[in-house]
Structures are given as C-alpha cells and as structure tokens.
Amino acid sequence: MVVIDSTSVRVHPGIGSGHLLRGALGLSLVTLLGFGLAYSLVGVGLGRLLFPHTASGSLVERDGRVVGSTLVAQPFVGEGYFQSRPSAAGYDLMALAGSNQARTNPELRARIDAAREAVAAREGVPSARVPGDLVTQSGGAIDPHISPEAALLQVTRVARVRGLDPGAVAAQVRAHAEAPQWGLFGQERVNVLELNLALDAAPPVVR
C-alpha cells in the first residue's frame, strides 16, 4: 500500500511483496481447486446421480455391447433398416459440422437433387414424395431423428426385405414417434436407432 503525504511518498511497512505473493497464490488456488475442480466434480456427480443415463451419453447396449447412442445418428448397413439423415461429416463425432453451403449455392442444389433421386429410387416412389429431411444435412451432422413422414416412406422397403407385414412395421414407426419437447418445442420425430433396434428385437410377423 502506498501512502502519499504532502512531503514524501513512502511504502506502508505493513504490506510487502511477500504478502502480495501469498494473496495472489491463495486466490489462484481457490480459483483452480474451487471453481476448476470442485465445481466440475460436483456438477458431474449430480448429473450422474440425477440423470445417470443421459450423463453417460445415452448409450444403448445390446447383449453387453454398446451399439450406439440415442443422441447420435449413425449409418445403417442393409436394406432392412431405416436410414438416418445425410451427414456432412460422415457421422464422424470428431468432425461435426454442417456443409455451410447457402441455399443459392449450385453445388448444394445439385447434391440435394441427386440425393432426392437416389432416395426415390431406393424407396420406389416419385421424387416429389421424398421428405426434405432425407436429403438435407442437419447443422450438427449427427441428428438422430427423422420425421414420421420420412420413416413411413421407408416402411415398404423395410417390410419387404424383412418379410414383414407393412402394417406391423408402420405400427412400430407410430409407436416410436416422439411428441414435441414438453408439447411446445420442435416437431414430432422418430429416433432411427431405437426404431431399428425395436425391429431387430421384435418377433417376426410374417405376411
């Protein structure tokens, strides 16, 4: 502390560099240990205690093996599975991003047109019937949901490949349709991973 009088400037003898250093170190320790460590541990602990499934990444296991997360989209191999939205990052969790292409970008339009034709050919429907979420990429690249319309469009193919009654497959789609969050936010949606796992686990209903 500097005390100024009318004749001279002198350093107060009660405060020295040692006091300032101890104060700075003490504040640093409190900040690092209290806010950097204790706060994080308490937050993680409460999350695991109150929301254990969500805090662990909403992982889904089958036969003791993790097969995915309900929060993350993934590609599905095989005609007997419902397909997720396209991903600009190739469903890579380490490269999450959208394409960042504007609507006026001719490359975006060409990609969407090509994707629409491919989906129409895969599902055996006119291209005009293909919902937008089956040909557009989400901003985060791993949106795990599709619209009920996009899921119902795939029912005929999935039922044919699995040898199931299309009505039974459509019933699975409706059973896995999720309402908007709290009835207010978002739109009705279907989690693709949960739907495919339900079909794998369900007993066959042959036509």
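How do the residues lining the largest cavity divide into nonpolar, polar and charged? The lining comes out as six nonpolar, two polar and no charged residues. Keep in mind that this is a predicted model. With that said, let's start from the overall fold and work towards the empty spaces.

**The chain as a whole**

The protein chain has seven helices and seven strands. Walk along the sequence and you get the pattern β-β-α-α-β-β-α-β-α-α-α-β-β-α. Of the 207 residues in the chain, 28% are buried. As for contacts between residues at least 6 apart in sequence, 54% of them join residues at least 24 apart.

**Two helices and their covers**

Helix H6 runs over residues 166-175, and its buried residues are Val169, Ala170, Gln172 and Val173. These sit on the same side of H6, because they cover an arc of only 150 degrees around the axis. Turn to the other side of H6 and you find Arg174 and Ala175 exposed. So what covers the buried residues of H6? The cover includes helix H4 (148-153), helix H5 (155-162), strand E6 (177-178), strand E7 (189-191) and helix H7 (192-201).

Helix H7 is itself mostly covered, with seven of its 10 residues buried. Those are Val192, Leu193, Leu195, Asn196, Leu197, Ala198 and Leu199. They pack against strand E3 (59-62), along with E4, E5, H5, H6 and E7. Two names from that buried set, Val192 and Leu193, come back below in the lining of the largest cavity.

**Salt bridges**

Side chains of opposite charge can pair when their charged atoms come close. There are six salt bridges in the structure, and three of them are worth a look here.

| Salt bridge | Closest N to O |
|---|---|
| Glu123 with Arg157 | 2.9 Å |
| Asp143 with Arg85 | 3.5 Å |
| Arg189 with Glu178 | 3.7 Å |

Take the Asp143 and Arg85 side chains, which meet at 3.5 Å, N to O. This pair links distant parts of the chain, 58 residues apart: Asp143 is in the loop between helix H3 (106-123) and strand E5 (145-146), while Arg85 is in the loop between strand E4 (65-69) and H3. Is Asp143 buried or partly exposed? Asp143 counts as partly exposed because its relative accessibility is 26%. Arg85, at 14% relative accessibility, counts as buried.

Next comes Glu123 with Arg157, whose closest N and O atoms are 2.9 Å apart. Glu123 lies in helix H3 and Arg157 in helix H5, so this salt bridge ties together parts that are 34 residues apart in sequence. Here both partners are tucked away: Glu123 counts as buried at 8% relative accessibility, and Arg157 counts as buried at 1%. The pair isn't on its own, either, as Arg122, Glu123 and Arg157 are linked in a network of salt bridges.

The third one joins Arg189 and Glu178, with the closest N and O atoms 3.7 Å apart. Arg189 lies in strand E7 and Glu178 in strand E6, so the pair ties together parts 11 residues apart in sequence. Arg189 counts as buried at 18% relative accessibility, whereas Glu178 counts as partly exposed at 24%.

**Pocket and cavity**

Rolling a probe the size of a water molecule over the atoms shows where empty space is left. How much space lies in the largest pocket? The figure is about 160 Å³. Its lining is made up of Gln83, Ser84, Arg85, Pro86, Tyr91, Ala115, Ala118, Val119, Arg122 and Leu134. By class, that gives six nonpolar, two polar and two charged residues. Both arginines in that list have turned up already: Arg85 pairs with Asp143, and Arg122 belongs to the network with Glu123 and Arg157.

Back to where we started. The structure holds one cavity of 30 Å³ or more, and the largest cavity has a volume of about 30 Å³. Which residues line the largest cavity? They are Val72, Ala73, Gln74, Phe76, Ser84, Pro144, Val192 and Leu193. Ser84 is on this list and also in the lining of the largest pocket. Val192 and Leu193 bring in H7, where they are among the buried residues.

Terms used
Residues numbered from 1 in each chain as written. Predicted model: local features only at pLDDT ≥ 70, side-chain atom pairs only at ≥ 80, totals over all residues. Heavy atoms only, no water. 1 Å grid on protein atoms, 1.4 Å probe; cavity = no way out; pocket = protein on both sides within 12 Å on 5 of 7 lines; lining within 4 Å. Points joined across faces, edges and corners; volume = space filled by probe spheres on them. Nonpolar A, V, L, I, M, F, W, Y, C, P; charged D, E, K, R; others polar. Buried < 20%, exposed > 50% of the residue type's maximum accessible area, 1.4 Å probe, protein only. Helix = DSSP H or I, 4+ residues; strand = E, 2+ residues; numbered from the N terminus. Arc of directions from axis to C-beta. Contact = heavy atoms within 4.5 Å. Salt bridge = Lys/Arg side-chain N within 4 Å of Asp/Glu carboxyl O.
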